[in-house]
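Trainee: I would like a close look at one part of this model. Please take me through it piece by piece, and then show me what else is there.

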Amino acid sequence: MKYSKVQHTEILHRKIRKDKKAKKRIRGYISKITIRIVLSLILFTAIYITLIIIKNKSDVFIVKNVKTIVFNDRNIVPSNDFSFLKGENIFDISESFIDSIVHVSYSDYGLKALIKNYPSEIKIIIYKKIPVININNKFTVYQDFSIKKVNMSTNVITMNSDINSIQTGFDIPGFATLFHSLIKYKKNIKSIRFSKNLYTIYTKDNKRIIIRAGNILSDIDRIPEKYKKIDLRFNDLILVKK
């Protein structure tokens, strides 16, 4: 602000010249940014529309080669049962679609991954389901925790349960938590009993391990020979000599 006095008149001058220049510069910046945003949107839209047209119309993305691999047994060379996918647009083939086919038509296998090698090749990786546990001589539990109502007693752990209505592994309390540790020590386990919310695990070297539902099994191969009963229901480990 600038003050001056002319005769009997007092004048207060306000300097606004710099403020006007600053506002003009800001408006210029905003205008440039807006133009750039608009041009970017136009370019993005054009590229997107071009890709959609290429995807739907071009033969480049038509599947020409289909490979099937069994993940956990590379010695198995499956017949090319997914060859019907040849001629399809690679963008139209989803993992859920392949999984539904495997689930219905190849019940002894599961889908591990669908790999798309653009522009025209897909690789389907499946795994062979390996039986791990037989429950009540009615149900077989596989390594992926899926259950089938079949009696498969060869090379599996026998398990007896006081729960007979089993649709999934989650119907038995704590079974999902315990399951992977059972696989880990499968070679040492002879049988399992589930009753009254407790698991009793019988080992091949005649040990008996009691564990509460919801806990996991660990280091059973390190239990000294002299201990035959191991009760893991309590905070302090209780070992009982035979």
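What is the strand order in the open sheet of three strands, and what kind of pairing does the sheet have?

Mentor: First, the ground rules. This is a predicted model, so local features need pLDDT of at least 70 and side-chain atom pairs count only at pLDDT 80 or more, while totals for chains, interfaces and linings use all residues. Residues are numbered from 1 along each chain as its sequence is written, and side-chain values use heavy atoms, with hydrogens and water left out.

Now the sheet. Its order is β3-β5-β4, and the pairing is mixed. β3 (65–70) and β4 (109–117) are the edge strands, each pairing on one side only. From one strand to the next, the twist averages 20 degrees. Strands are DSSP runs of E with at least two residues, helices are runs of H or I with at least four, and both are numbered from the N terminus. Two strands pair if DSSP finds at least two bridges between them.

Look at β3 and its partner β5 (residues 121–128). Six bridges link them, in the parallel sense. Lys67 sits opposite Lys123 of β5.

Next, the helix on this sheet. Helix α2 (residues 95–105) lies across β4 and β5, and runs at about 150 degrees to β4. Axes here are lines fitted to C-alpha atoms, for helices over the stretch in contact, and angles run from 0 to 180 degrees between N-to-C directions.

Which residues of α2 are buried? They are Ile98, Ile101 and Val102. These residues are on the same side of α2, because they cover an arc of only 95 degrees around the axis. That arc is taken from the directions from the helix axis to the C-beta atoms. Buried means under 20% relative accessible area, exposed means over 50%, and partly exposed is in between (1.4 Å probe, protein chains only). β4 and β5 are among the elements that cover the buried residues of α2. Turn to the face away from the buried side: Ser96, His103 and Val104 are exposed there.

Stay in α2 for Glu95. Is Glu95 buried, exposed or partly exposed? Its relative accessibility is 45%, so Glu95 counts as partly exposed. Outside its neighbours within four places in sequence, Glu95 is in contact with Leu111, Ala113 and Leu114. Contact means heavy atoms within 4.5 Å. Take Leu111: Glu95 is 16 residues from it in sequence, and 8.6 Å from it in space, C-alpha to C-alpha.

Now move along the chain to β6 (residues 131–135), which pairs with two strands described here. With β7 (residues 139–142), β6 runs antiparallel over four bridges. Pro131 has Tyr142 of β7 as its bridge partner. Three residues separate these strands in their hairpin, and Asn136 takes a positive phi near 55 degrees. With β9 (residues 157–161), β6 pairs in the parallel sense over three bridges. Asn134 stands opposite Thr158 in β9.

Go back to β7. Phe139 and Val141 point one way, Thr140 and Tyr142 point the other way, and all are buried. A second hairpin follows, in which four residues lie between β7 and β8, and Phe145 in the turn has a positive phi of about 70 degrees. β7 and β8 (residues 147–148) pair in the antiparallel sense over two bridges. Val141 is opposite Ile147 in β8.

β9 has alternating side chains. Ile157, Met159 and Ser161 point to one face and are buried, while Thr158 and Asn160 point to the other and are not. β9 also runs parallel to β10 (residues 189–195), and four bridges join them. Ser191 in β10 is the bridge partner of Thr158.

Helix α3 (residues 175–184) belongs with these two strands: β9, α3 and β10 make a left-handed β-α-β unit. A crossover is right-handed if, with the strands pointing away from the viewer, the path from the first strand over the helix to the second runs clockwise. In α3, Phe175, Leu178, Phe179, Ser181 and Leu182 are buried. Their cover includes β6, β7, β9, β10, β11 (198–203) and β12 (208–212).

Finally, step back to the whole protein. There are three helices and 14 strands. Of its 242 residues, 29% are buried. Among contacts with a separation of 6 or more, 41% join residues 24 or more positions apart.
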